[in-house]
Amino acid sequence: MSKIKPRGKVPKTASVDEIIEIKTLIRHPMHSGRMKDKDGKKIPKRIINKFLVKFNGKQVFGMDLEPSISTNPYIAFPFKAKKTGTFDFEWTDDNGDKYNMSRKMTVS
Amino acid sequence: MKQIKMKIISRRNVLYLLGGATGSVLFSKYSLSKPNLALNKINEISKNAKVNEVDLFLDVPEIAENGNQVKVSFDIESPMTEEDFVKTVYILADGNPAPNVAKFSFTTDMGACSATTRMRLSKTQNIYLLAEYNNGNFAMTKSKVKVTIGGCGG
């Protein structure tokens, strides 16, 4: 299995009260628990079930994912830029593994 | 009689039966011909409060050639202030093995209520978008997607 790797695109700079779009993608198989491997055995369920975004430590966006979400979940959402700060992204999967990423944004 | 019936039921319908049995015994009977697990779920979430069917912007393709990656995005007009904002948005699908697709939690820091993601669809079905406002009101919309190749690995 390929390595689970988060990616994200946040504008480096933004002006005050500008609504920016943040795009994230994590490479994850999202096994729904229904697919079978070559030998006909069921692949156990393993999905990303939670996605959280914090800005300067405060939660701004959250998403609960279900098996109906595609492989390599892509999530895009808006954010209103007010001040300079850091975004912390966190994905949690069924095994309890957490994948983190942080991005800085400067507001002028 | 029952045995004949069993032969007609496809594998997929059996999955509906199972899903229906866990949700509601009453509806599992009907879910064979008319899958409404998503609507059951909507009633469950809204606790039977009135759900207004309004024209929220739900962007899904009319025809999805590959059910494995179907782009879904929505945009709900809202001032997103402390007094008036969209708290939660649910996406549900009535033809998938499980009706829930995603739940989004919004805050006023976001300035707008929209999001994009990609989902799996097992067959042609309706997609429901349910929005919960901070004052306890609900709004929903639905859209039909035709799926050429299903993508649930069933």
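## Chain B, element by element

Chain B has four helices and nine strands, where helices (H or I, at least four residues) and strands (E, at least two) are DSSP runs numbered from the N terminus. Along the sequence, the helices come ahead of the strands: α-α-α-α-β-β-β-β-β-β-β-β-β. Everything here comes from a predicted model, in which local features need pLDDT of at least 70 and side-chain atom pairs count only at pLDDT 80 or more, while totals for chains, interfaces and linings use all residues. Residues are numbered from 1 along each chain as its sequence is written, with chains lettered from A and ligands numbered from 1 in the order in which they are written.

Of the 154 residues in chain B, 38% are buried. Buried calls for 20 or more other C-beta atoms within 10 Å of the residue's own, exposed for 12 or fewer, and partly exposed is what falls in between, with C-beta atoms placed from the backbone. As for contacts in chain B between residues at least 6 apart in sequence, 64% join residues at least 24 apart; a contact here is two C-beta atoms, placed from the backbone, within 7 Å.

## Chain A in outline

Turn to chain A and there are zero helices and eight strands, so the pattern from the N terminus is simply β-β-β-β-β-β-β-β by the DSSP runs used here. The C-alpha atoms of chain A fill a box of roughly 55 × 20 × 20 Å along the principal axes. Buried residues account for 26% of its 108 residues. Take the contacts in chain A between residues at least 6 apart in sequence, and 54% of them join residues at least 24 apart.

## A sheet shared by both chains

Here's where the two chains meet in one sheet: six strands, open, in the order β1(A)-β3(A)-β6(A)-β7(B)-β4(B)-β2(B), with antiparallel pairing. Two strands count as paired if DSSP finds at least two bridges between them. At the edges sit β1 (5-9) of chain A and β2 (57-59) of chain B, each pairing on one side only. From one strand to the next the twist averages 15°, with axes fitted as lines to C-alpha atoms (for helices, over the stretch in contact) and angles running from 0 to 180 degrees between N-to-C directions.

On the chain A side, β3 (residues 19-27) and β6(A) are antiparallel over seven bridges, and Ile20(A) has Phe79(A) as its bridge partner in β6(A). Strand β6(A) has two faces: Ile75(A), Phe77(A) and Phe79(A) are on the covered one, with Tyr74(A), Ala76(A), Pro78(A) and Lys80(A) on the uncovered one.

The step across the chains is made by β6 (residues 74-80) of chain A and β7(B), antiparallel and joined by two bridges. Ile75(A) stands opposite Thr117(B), and Ala76(A) has Thr116(B) as its bridge partner. Further along in chain B, β2(B) and β4(B) pair in the antiparallel sense over three bridges, with Asp59(B) opposite Ser73(B) of β4(B).

## Where the chains touch

How many residues of chain B are in contact with chain A? The count is 28, set against 25 residues of chain A. On the chain B side, the elements giving two or more residues are β6 (100-106) and β7 (113-119), and β6(B) supplies the largest share, seven residues.

By class, this side of chain B has 12 nonpolar, 12 polar and four charged residues. For that tally, Ala, Val, Leu, Ile, Met, Phe, Trp, Tyr, Cys and Pro count as nonpolar, Asp, Glu, Lys and Arg as charged, and the others, Gly among them, as polar.

## The largest core

The largest nonpolar core has 55 residues. A core of this kind is a set of buried Ala, Val, Leu, Ile, Met, Phe, Trp, Tyr and Cys residues joined through C-beta atoms within 7 Å. The residues with the most contacts inside it are Val89(B), Ile91(B), Leu92(B), Tyr128(B), Leu129(B), Leu130(B) and Ala131(B). Strand β5(B) gives the most to this core, six residues.

Leu129(B) is worth a closer look: leaving out residues up to four places away in sequence, Leu129(B) touches Leu56(B), Leu58(B), Phe74(B), Val89(B), Ile91(B), Met140(B) and Thr141(B).

## A helix and a loop

In helix α4 (residues 37-46) of chain B, the buried residues include Leu37(B), Ala38(B), Asn40(B), Lys41(B) and Ile42(B). Just after α4(B), Lys47(B) takes a positive phi of about 50°.

Glu82(B) is in the loop between β4 (70-76) and β5 (86-93) of chain B. Glu82(B) counts as exposed because it has 8 other C-beta atoms within 10 Å. Its C-alpha is 6.4 Å from that of Thr108(B), a residue 26 places away in sequence.
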